[in-house]
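Me: Pick one spot in this model and walk me through it closely, please. Then carry on to whatever else helps me find my way around.

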Amino acid sequence: MLPALKLASRILDEPQILTYIKGALKKSLTQINDDEAANKAGQPLYTFSNEPLKDWTSEEIWHTLWTLRECITFRFSAHLPYGCMAMCGGGDTGSMIAIGAHSAKITLSNQFFGVFRRKLKASQFSKPWNPGTHDESAVLRSQFAFAVTLVHEVMHALWLTSNPAYVQHYAPTNPSQWVNRLEPFYRDGRMNELGACWETHVFGGNIHMLGYPHGAIMPYGLTTVPFPGTWEFYPSVINRGNPRKWGHGWQTTYPIQMKHIRKMFTNEMWDEVQRYGIKRLRRERKLGYRSYVDSKYPALAAGKAVSGQAPSPTSSVDSKEGEEDHQGVVRREPPTATEGNSFVIVS
Ligand SMILES: [Zn+2]
């Protein structure tokens, strides 16, 4: 677990990444002019974008992060919903960052423990496949995913602890009826999810495991799924409409090469980030996997989306010998429906 904790700390120490937090925590955010969404939310909604860090503002952000340790608790549980790796909610006390705000409680899947202690071996959970599951690589994927999960949840915790609970104008001033302020939309996006938007901003998509089982055991590999992309449902967010209306009918995901994951844990990577920017943290887009979302084929049904459905190598590489073109790419015209999805592989 130590490599993951060090990596999470390194991520939260990177000034170029902190511009996202600086933007989200800026006081007086820009209000969104979307009555339908605001009515659904029952409170005004806001948007933010990255804010450059000047000397004194970076100190302010680091101070907030430092103070967060006094109003955040972490715990591990075996009882998270299927496929859910972590959750963040209000704690039992007040926040040390902002008066009137809650402390935060982050619950993580204890399956991570099993993986890090080598009690759960990925190769025991994978189907026979070529080249097969390499257990140490699978553990490294879990370490990386754990670091990303921690920072994802810290984004929620930062919001929760930095913003006083909201007293609706029609509600009596009874603290139990106060509600938390909803998270702001990143760059006026379609869904307000500070952790998921952060992952997409930094890594080019949410970090997902390929195939099954869902959880901390990652026998096949990792991929990036853009957020909100074609998601039609996501828990605890305000959804500002059908993805097709926002021009998202296709979703392309890209596998993350193992050498890229390994590099995350090296000084070399973080030296490059400082020199060339956070684009270095994005995976290469060599060969993508594309799913088509059509109203006839409700690819991302609620239950599936929330459990983090990602393409599995066994179902996505559904090609026959000699089917590929001269570039070695299999191309299919949609819709070739499989379980409500149609798939094409794109370069
Ligand atoms: Zn989240």
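**A close look at alanine 78**

Reply: Alanine 78 counts as exposed because 9 other C-beta atoms lie within 10 Å. The cut-offs are 12 or fewer such neighbours within 10 Å for exposed, 20 or more for buried, and partly exposed in between, with C-beta atoms placed from the backbone. Bear in mind that this is a predicted model, where local features need pLDDT of at least 70, side-chain atom pairs count only at pLDDT 80 or more, and totals for chains, interfaces and linings use all residues. Residue numbers start from 1 along each chain as its sequence is written.

Alanine 78 sits in the loop between strand E3 (72-77) and strand E4 (86-94). Strands (E, at least two residues) and helices (H or I, at least four) are DSSP runs numbered from the N terminus. Leucine 108 is 30 residues away from alanine 78 in sequence, yet their C-alpha atoms are 8.5 Å apart.

For contrast, look at helix H2 (residues 15-24): seven of its ten residues are buried, so the rest of the structure largely encloses it. Among them are Ile17, Tyr20 and Lys22.

Strand E7 (residues 206-209) is covered on both faces, with Asn206 and His208 buried on one side and Ile207 and Met209 buried on the other. That fits the usual pattern, as side chains in a regular strand alternate between the two faces of the sheet. E7 pairs with strand E8 (residues 222-225) in the antiparallel sense over four bridges; pairing takes at least two DSSP bridges. Within that pair, isoleucine 207 stands opposite threonine 224.
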